[in-house]
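Student: I should like to study this structure through a short series of questions. May we begin by looking at it together?

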Amino acid sequence: MLSSDSIFAPATGYGRTAVAVVRISGPQAGPALASLIRSPVPPARRLSLRILREPATGELLDHALVAWLPGPGTATGEDMVELHLHGGPAVRAAVLRCLGGLPGLAPAEPGAFTRRAFLNGRMDLTAVEGLADLIDAETEAQRRQAVRQLDGALGRAVEGWRVALLDVLAGTEAALDFSDEGDVDDEALTASGRAAAARVRDAIEIALADGRRGERLRDGFTVVLAGAPNAGKSTLLNALARRDVAIVSEIPGTTRDAIEVRCDLGGLPVLLVDTAGLRDSTDAIEAEGVARSRRRIDQADLVLWLREPGGEVPPPLSAPVLVVATKADLSGLGAGGEIPISARTGAGLDRLLSEIERIAGSSLGCGDALVTRERQRLALERCVHHLDRVVVNGAANPAELVAEDLRLAVRALGEVAGRVGVEEMLDRLFASFCIGK
Ligand SMILES: Nc1nc2c(c(=O)[nH]1)N(C=O)[C@@H](CNc1ccc(C(=O)N[C@@H](CCC(=O)O)C(=O)O)cc1)CN2
Ligand SMILES: Nc1nc2c(ncn2[C@@H]2O[C@H](COP(=O)(O)OP(=O)(O)OP(=O)(O)O)[C@@H](O)[C@H]2O)c(=O)[nH]1
Ligand SMILES: [K+]
Ligand SMILES: [Mg+2]
């Protein structure tokens, strides 16, 4: 699967930047550097100042810091080169054009460097997923969770469980192979093997009993602002976003499309959604807006139900609800249990935000979850299923069945780490990276 071609790509952003880094990986990396600097590669693993020239014509391209990084002790496990260029778009384009003209070098697809790191055993699949999340992380809690996974928190746990189960499996297979030789325990599973399988199962169950906060933290927490027309939803959205995102007017039925604002609440990713005020309307467009509101309310992690003085109380909803008494500058306080605010004066907004942050925090955690994707969860659940059969029936079942369940449990852990059975998802995962990663 790994082509012997060498790849290159810009590793830094587009446009004008102070410095632009171009990375090359593969057997042609060293020769490519040598031809750009028209001399042997500089000392390994150091940045050296060199003059880059067009290989064919000798035309001056740039003064650059270059690094020669011989494999296998590199990010991809292959020979690598980094060119730290001046960050103009034309400098970068000229260097990329020269690289494309060299033999055995091709522009990298998105995620191609990370794919090579994975295929060369430099990273397991959980680390790759952690890296994807790290690049996408927009808040502190997301960053913390992603970098922990890149660092191997899940990978190490899974490998520890796998090694423990392989040990139990070896004992069971010995019982199978030599059951007539007399010197090996005849039973499919010794008491200590069974206890070891139970310990692994319990540890996995603890990791799974996390309320899915790792997955939720990647997705973010959705807060829907709902209520009757003119309750003050759009005014509140603008106040929380500190921007004029939604149209506000004294005309009921102003908002039609749902309006989304992403924000960072104490390190947590929160999506605020303003919606059309709920009422029966004969206006077809407003009615469609109300239908959209109801769908967003159904999918919300938290609904802020806004009611102006004397306004409607919330209908029964499946999501948790905070009732917000709006326009407190006109009416004074709302009823007990409601959070009084005035978007006009700003009164009560801090308290409202800290309530949202508290509820989001208990749903998303702070980045300490081990399981961060459904893919991992499903494989771990499958592992637990097979271990349950081993632990519960181990003494009664024939050795063949016990061994098969142990093998399937080990295989499920191998899937989490990307050792087996994941070929189909790799293309999708790597395509989610940017070019140059
Ligand atoms: N300039 C630059 N900065 C970068 C990267 C890069 O490739 N280039 N990275 C790329 O994403 C990240 C760092 N990740 C890296 C991971 C492993 C190795 C590496 O060479 N590992 C070897 C040697 C380790 C050592 O010297 O201790 C190894 O693990 O054997 C390099 C970078 C972030 N910053
Ligand atoms: N005095 C006062 N007026 C407010 C406050 N919040 C909103 N209003 C006014 O209430 C009216 C309706 O506000 P909107 O934010 O458009 O209400 P909405 O809930 O988004 O309305 P629809 O989009 O039509 O459902 C506007 O005239 C706002 O200026 C407040 O805190 N105090
Ligand atoms: K309005
Ligand atoms: Mg509105």
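The questions and answers below concern a predicted model.

Student: Which residues surround ligand 1, and how do they divide into nonpolar, polar and charged?

Tutor: The shell around ligand 1 consists of Arg-23, Arg-45, Gly-73, Thr-74, Ala-75, Glu-82, Arg-122 and Lys-437. Sorted by kind, these residues comprise one nonpolar, two polar and five charged.

Student: How many Å separate a polar side-chain atom of Glu-82 from a nitrogen atom of ligand 1?

Tutor: Polar atoms of the protein are paired with several atoms of ligand 1. An oxygen atom of the ligand lies 2.6 Å from a polar side-chain atom of Arg-23, and a polar backbone atom of Ala-75 is 3.5 Å from an oxygen atom of ligand 1. For Glu-82, a polar side-chain atom and a nitrogen atom of the ligand are separated by 2.4 Å.

Student: What percentage of the area that ligand 1 exposes when taken alone does the protein bury?

Tutor: Taken alone, ligand 1 exposes 680 Å². Of that area, the protein buries 39%.

Student: Does Glu-338 count as buried or exposed?

Tutor: Glu-338 is located in the loop between helix H11 (328-331) and strand E12 (339-340). Its relative accessibility is 13%. Because buried means under 20% relative accessible area, Glu-338 counts as buried.

Student: Which residue's side chain makes a polar contact with the side chain of Glu-338?

Tutor: Apart from neighbours within four places in sequence, Glu-338 is in contact with Arg-307, Val-323, Ala-325 and Arg-351. The polar contact between side chains, at 2.6 Å, joins Glu-338 to Arg-307.

Technical notes
Residues numbered from 1 in each chain as written. Chains lettered and ligands numbered in written order. Predicted model: local features only at pLDDT ≥ 70, side-chain atom pairs only at ≥ 80, totals over all residues. Heavy atoms only, no water. Near = heavy atom within 4 Å. Polar contact = N/O pair within 3.5 Å; in protein donor to acceptor, adjacent residues only side chain to side chain. Areas by Shrake-Rupley, 256 points an atom, 1.4 Å probe, with all protein chains shown as cover. Nonpolar A, V, L, I, M, F, W, Y, C, P; charged D, E, K, R; others polar. Helix = DSSP H or I, 4+ residues; strand = E, 2+ residues; numbered from the N terminus. Buried < 20%, exposed > 50% of the residue type's maximum accessible area, 1.4 Å probe, protein only. Contact = heavy atoms within 4.5 Å.
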